[in-house]
Amino acid sequence: MKLSRNTRGISIILLLVVLTLLVAVLSMNVGKMNLSPLEVFKVIIGEGTSKQNLIVFDFRLPRIVLSILVGIGMGISGCIMQSLLKNDMASPGTLGISSGSGLFVLMYITLFASEGLLSPILLPGLAFAGGLTAAFLIFMFAFRGGRDISPTGLILTGVAMGSGYSALSLMLTLRLDKQQYDFALRWQAGDLWGDDWSYIMVLLPWVLIICFYVFYRSNTLNTLNLGNQTASGLGVAIKREFIGLTIAAVALASGSVALGGNFFFVGMVSPHLARKLVGPNHKLLLPTTAFVGALVILIADTLTRTISFGADIPTGIIITILVTPYFLYLLSKAS
């Protein structure tokens, strides 16, 4: 039974990989300037025209890669938080991590960044510092001496802190000039703005290294799901693992937020969908969550580039429209 379940899980992961590749190929073909599959293939093998190369390598491929990386980062971050807190509502958005990261990035844009001088290295670092600061404050306010932290209390604290961060972000946004204000507004709505190879080359190792660490600790996450007392009896250093995995989750969410804006629902819904597909085993759950998150953002971004909505709609708005019915379904099941 165990072997068949693992085999089914691996098959689902492979299917998601294939679906991600197919959607990525489709995304390279469609847009305001359509390319046929044959033209895309010629570009890939180095026989495309200069215009076709420009469309694929400078415009579409960076955005596709960024969509996948941000989806992986937000999805796995949400999966870690839900597993550690044993609460299906936990995510970078509900805990205020994304808002804290966003506040630090906005501070940089408002106070220090000149037009065209946004640092590919500094932005994820600042977002990580903001997310880590937000996490520390949230845990500090939720902590009650001598007692375990309540996951519900932690989420409520995160929602309250996130509202405060959003208010501060709004105050900063009002100080921006028109060009910076437009950028900040779209970024807060979930806009894949960092679709440049210089930014992607910073985010790529950031996401891959942290994901490798999290997958390496998948057995620890499985043990922690049994409860703190059981995990402690099995030799797990609960506080150390909790801190290490929390920092990993914050780092993934912060890097994704810095270059892709605040995709609130991806970190919450992706683990739910993945858990329904492969179950609670994190060896299967983590990669499934990663590809579900990547698919959600990739499909939504392809729709925004293909369908005319009468305006240039940020990807995050399309994701919210697509995911809200499922989110309401989860709430109805929980009540």
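1. Contact order. In this predicted model, contacts between residues at least 6 apart in sequence are dominated by distant pairs: 76% of them join residues at least 24 apart.

2. Secondary structure and overall dimensions. The protein contains 14 helices and zero strands, so that from the N terminus on the order of elements reads α-α-α-α-α-α-α-α-α-α-α-α-α-α. Its radius of gyration is 20 Å, close to the 20 Å that the globule rule gives for 335 residues, and the protein is therefore as compact as a globular protein of that length. The C-alpha trace spans about 65 × 55 × 35 Å along the principal axes.

3. Burial and surface. Of the 335 residues in the protein, 50% are buried. The exposed area comes to about 16,100 Å², and carbon and sulfur atoms supply 69% of that area.

4. Charge distribution. The protein carries 22 positive and 14 negative charges. The mean positions of these two sets are 14 Å apart.

5. Environment of Ser-27. Helix H1, which covers residues 2–29, includes Ser-27. Is this residue buried or exposed? Ser-27 counts as buried, because its relative accessibility is 0%, and the cut-off for that class is under 20%. Once its neighbours within four places in sequence are set aside, the contacts of Ser-27 are Arg-60, Ile-64, Thr-302 and Arg-305.

Terms used. Residues numbered from 1 in each chain as written. Predicted model: local features only at pLDDT ≥ 70, side-chain atom pairs only at ≥ 80, totals over all residues. Heavy atoms only, no water. Helix = DSSP H or I, 4+ residues; strand = E, 2+ residues; numbered from the N terminus. Rg over C-alpha atoms; globule rule 2.2 N^0.38 Å. Buried < 20%, exposed > 50% of the residue type's maximum accessible area, 1.4 Å probe, protein only. Contact = heavy atoms within 4.5 Å. Areas by Shrake-Rupley, 256 points an atom, 1.4 Å probe, with all protein chains shown as cover. Lys, Arg positive; Asp, Glu negative; His and termini not counted. Charge placed at Lys NZ, Arg CZ, Asp CG, Glu CD.
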